Amino acid sequence: MNKYSRITGTGSYLPPRRVTNADLAAELAATGIETSDQWIVERTGIHSRYFAAPDVTSSDLGAQAARNALEAAGRNADEIDLIIVATSTPDMVFPSAACILQNKLGIAGCAAFDVQAVCSGFVYALTIADAMIRTGSASKALVIGAEVFSRILDFTDRTTCVLFGDGAGAVVLEASDTPGILATDLHADGKHVGILCVPGTVSGGKILGDPLLKMDGQAVFKLAIGVLEDAARATLTKAGRTEADIDWLIPHQANIRIMQGTARKLKMSLDKLIVTVNEHGNTSAASIPLALDASVRSGKIKKGDTLMLEGVGGGFTWGAVLLDF
Ligand SMILES: CC(C)(COP(=O)(O)OP(=O)(O)OC[C@H]1O[C@@H](n2cnc3c(N)ncnc32)[C@H](O)[C@@H]1OP(=O)(O)O)[C@@H](O)C(=O)NCCC(=O)NCCS
């Protein structure tokens, strides 16, 4: 048994092709779809996103983020005894992106599996890794969010294709005598399956149903702010802390208006809100570790800071992790 788990290193990786709103608007205009930088910025806060090359997979992006996190933690890949990849865009139906990524890191033997909780995937994965470390099933974990959402976007649907991007973020989570992760809180409500989904699948060698993302943006918007507030408050109660103890709020980077609404509900200053959605759009399970790593590397987040990580997404799923960094 270990007392706590603690993040000892962060890393991230974005594919090289940066697509600004103006670039995307021009590409869409060529197919008769009208959008604008102004509309996208006003409704979402997104200025650009990154798209991976067609032959690049989630495990490719995730492996690079993992290498960067290992370097930051001062660990070698062969010290890792657990790999969890949060993704809804895995390389294959099976095996998991985690197994493929393990091989890319040049290691073998440790447990490796994927978690599929869409945009809440990283907080789900971090919660599982924390539990496995505290029960003694693992001592040094790689927890990764990696996505190539560009593969499941319908570029004839302007209400969704302007929102998402590709990328990966990772943390090394280690057994520790000091916290670390203070409290976690996970939820799902499957009756909302239809408001955010990719309803297709592979069957009998053919695609069955529609394999592209569908979303009722307004329904998602309304649900998201309420559940993010509830999950944050639940972790604070479990940890015996208050909103005033939070140094940085790192919500899932989907839409600046949802993020600011959540901060306001928690009566937090917007100065404490970590925002990277402007740069990389909604990268689903990758968005929280991407935002975390960017803020650690820029010097904004410092060792000892108290962080509230919050995910929300398809399922409907939501959850939060409160931690001392
Ligand atoms: C998707 C979202 C940005 C749409 O914003 P909205 O204010 O709800 O916009 P609406 O859907 O009401 O559309 C308003 C108008 O903009 C138009 N529009 C939609 N997408 C557009 C685009 N990319 N460019 C230009 N116009 C667009 C609509 O057609 C509509 O036009 P109309 O009034 O003539 O019918 C917003 O609902 C949202 O952010 N939802 C949450 C999505 C999210 O975060 N999902 C991920 C969660 S994990």
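1. The loop between β7 (166-176) and β8 (181-188) is a convenient place to begin, for G180 is found there. The model is a predicted one, and in it the peptide bond that runs from P179 to G180 is cis, with omega near 0 degrees.

2. A cis peptide bond is also present from G315 to F316, where omega is near -5 degrees. F316 has its place in the loop between β14 (306-313) and β15 (317-324).

3. A further point of backbone geometry concerns K267. Its phi is near 55 degrees, which is a positive value in a residue other than glycine. K267 lies in the loop that connects α8 (256-265) and α9 (277-280).

4. The helix that precedes this loop, α8, packs against helix α7 (residues 217-239); the angle is about 40 degrees and the axes are 9 Å apart. Angles from 35 to 65 degrees fall outside the parallel and perpendicular classes, and α7 is therefore oblique to α8. The crossing of these two helices, α7 and α8, is right-handed.

5. On the α7 side, the contact with α8 is made by F221, A224, I225, L228, E229 and R233. On the α8 side, R257, I258, G261, T262 and K265 take part. By class, the residues of this contact comprise five nonpolar, two polar and four charged.

6. A second helix pair deserves the reader's attention. The axes of helix α3 (residues 58-73) and helix α4 (residues 97-104) come within 9 Å and cross at roughly 55 degrees. The two helices, α3 and α4, are therefore oblique to each other. Their crossing is right-handed.

7. In the contact between α3 and α4, the residues S59, D60, G62, A63 and R67 of α3 meet A97, I100, L101 and K104 of α4. Four of the residues in this contact are nonpolar, two are polar and three are charged.

8. The remaining points concern open space in the model. The largest pocket holds about 710 Å³ of space. Its lining consists of 24 residues, and those nearest the centre of the pocket are S88, P90, I152, V198 and G200.

9. Which elements give two or more residues to the lining of the largest pocket? They are the strands β9 (196-197) and β10 (201-203). Sorted by class, the lining of the largest pocket has 16 nonpolar residues, six polar residues and two charged residues.

Notes:
Residues are numbered from 1 along each chain as its sequence is written. This is a predicted model: local features need pLDDT of at least 70, side-chain atom pairs count only at pLDDT 80 or more; totals for chains, interfaces and linings use all residues. Side-chain values use heavy atoms; hydrogens and water are left out. Axes are lines fitted to C-alpha atoms, for helices over the stretch in contact, and angles run from 0 to 180 degrees between N-to-C directions. Helices (H or I, at least four residues) and strands (E, at least two) are DSSP runs, numbered from the N terminus. Angles under 35 degrees count as roughly parallel, over 145 as roughly antiparallel, 65 to 115 as roughly perpendicular and the rest as oblique. A crossing is left-handed if the near helix is turned anticlockwise from the far one by less than a right angle, and right-handed if clockwise. Contact means heavy atoms within 4.5 Å. Ala, Val, Leu, Ile, Met, Phe, Trp, Tyr, Cys and Pro count as nonpolar, Asp, Glu, Lys and Arg as charged, and the others, Gly among them, as polar. On a 1 Å grid over the protein atoms alone, a cavity is a set of points where a 1.4 Å probe fits but cannot get out, and a pocket is an open set with protein on both sides within 12 Å along at least five of seven lines; lining residues have an atom within 4 Å of a point. Grid points are joined across faces, edges and corners, and a volume is the space filled by probe spheres set on the points.
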